[in-house]
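Thanks for coming. I have one model to go through today, and I will keep to salt bridges, one threonine and a surface patch.

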Amino acid sequence: MNSLFDAVKSYVDVAGRVLIAAVFVLSGWGKVAAYAGTQAYMQHAGVPGGLLPLVILLELGGGIAIVIGL
C-alpha cells in the first residue's frame, strides 16, 4: 500500500509542478505576443518599459525551473 502511495505521489507532484508552471509560462508568452501593448501598460503604470525583457525571462525561466524541480 505504501509503495502505491509513493508511486501516485510522484505523479501528482509532477502534475502539480506542471500546472503551477503553466501559469508563469503562459503569462510570459502572452507578454511576448503583445510586447508593445505590455510595454505601454508598464510605462503607464510607472514601471520602465525596458524591464519587460527581464520580466519575460523571469516568467519563462521560472516556469521551466518549476517543472524541472528547481
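I will take the salt bridges, then the threonine, then the patch.

Please keep in mind that this is a predicted model.

How many salt bridges are there? The count comes to 2.

Start with Lys-9 and Asp-13. Their closest N and O atoms are 3.0 Å apart, and the two residues form a salt bridge. Both sit in helix α1, and because they are 4 residues apart there, about one helical turn separates them. Are these residues buried or partly exposed? Lys-9 has a relative accessible area of 39%, so Lys-9 is partly exposed. Asp-13 is at 33%, so Asp-13 counts as partly exposed as well.

Now the other pair, Lys-31 and Glu-59. Here the salt bridge has its closest N and O atoms 3.4 Å apart. This pair links distant parts of the chain: Lys-31 belongs to helix α1, Glu-59 belongs to helix α3, and their positions lie 28 residues apart in numbering. As for accessibility, the cut-off for buried is under 20% relative accessible area. Lys-31 comes out at 19%, so Lys-31 counts as buried. Glu-59 is at 15%, so Glu-59 is buried too. If you have the structure open, put Lys-9 with Asp-13 on one side of the screen and Lys-31 with Glu-59 on the other.

Lys-31 leads on to the threonine. Thr-38 is located in helix α2, which covers residues 35–44. Which residues does Thr-38 touch, once neighbours within four places in sequence are left aside? They are Lys-31 and Leu-52. So Lys-31, which is buried at 19%, has Thr-38 as a contact and Glu-59 as its salt-bridge partner. Thr-38 itself has a relative accessible area of 16%, and is therefore buried.

Last, the surface. Which residues form the nonpolar patch? They are Val-14, Val-18, Ile-64, Val-67, Ile-68 and Leu-70, and together they have about 570 Å² of accessible area. Two elements give two or more residues each to this patch: α1, residues 2–33, and α3, residues 52–67. One patch member to look at is Val-67, which is placed in helix α3. Val-67 has 36% relative accessibility, so Val-67 counts as partly exposed.

To sum up, α1 and α3 come up twice: the Lys-31 and Glu-59 pair links them, and both give residues to the nonpolar patch. That is what I have; questions are welcome.

Definitions and conventions. Residues are numbered from 1 along each chain as its sequence is written. This is a predicted model: local features need pLDDT of at least 70, side-chain atom pairs count only at pLDDT 80 or more; totals for chains, interfaces and linings use all residues. Side-chain values use heavy atoms; hydrogens and water are left out. Patches are made of residues with over 30% relative accessible area and no salt bridge: like charges are joined within 9 Å, nonpolar side chains (Val, Leu, Ile, Met, Phe, Trp, Tyr) within 5 Å. Accessible areas come from the Shrake-Rupley method with a 1.4 Å probe; for residues, only the protein chains shown count as cover. A salt bridge is a side-chain nitrogen of Lys or Arg within 4 Å of a carboxyl oxygen of Asp or Glu. Buried means under 20% relative accessible area, exposed over 50%, partly exposed in between (1.4 Å probe, protein chains only). Contact means heavy atoms within 4.5 Å.
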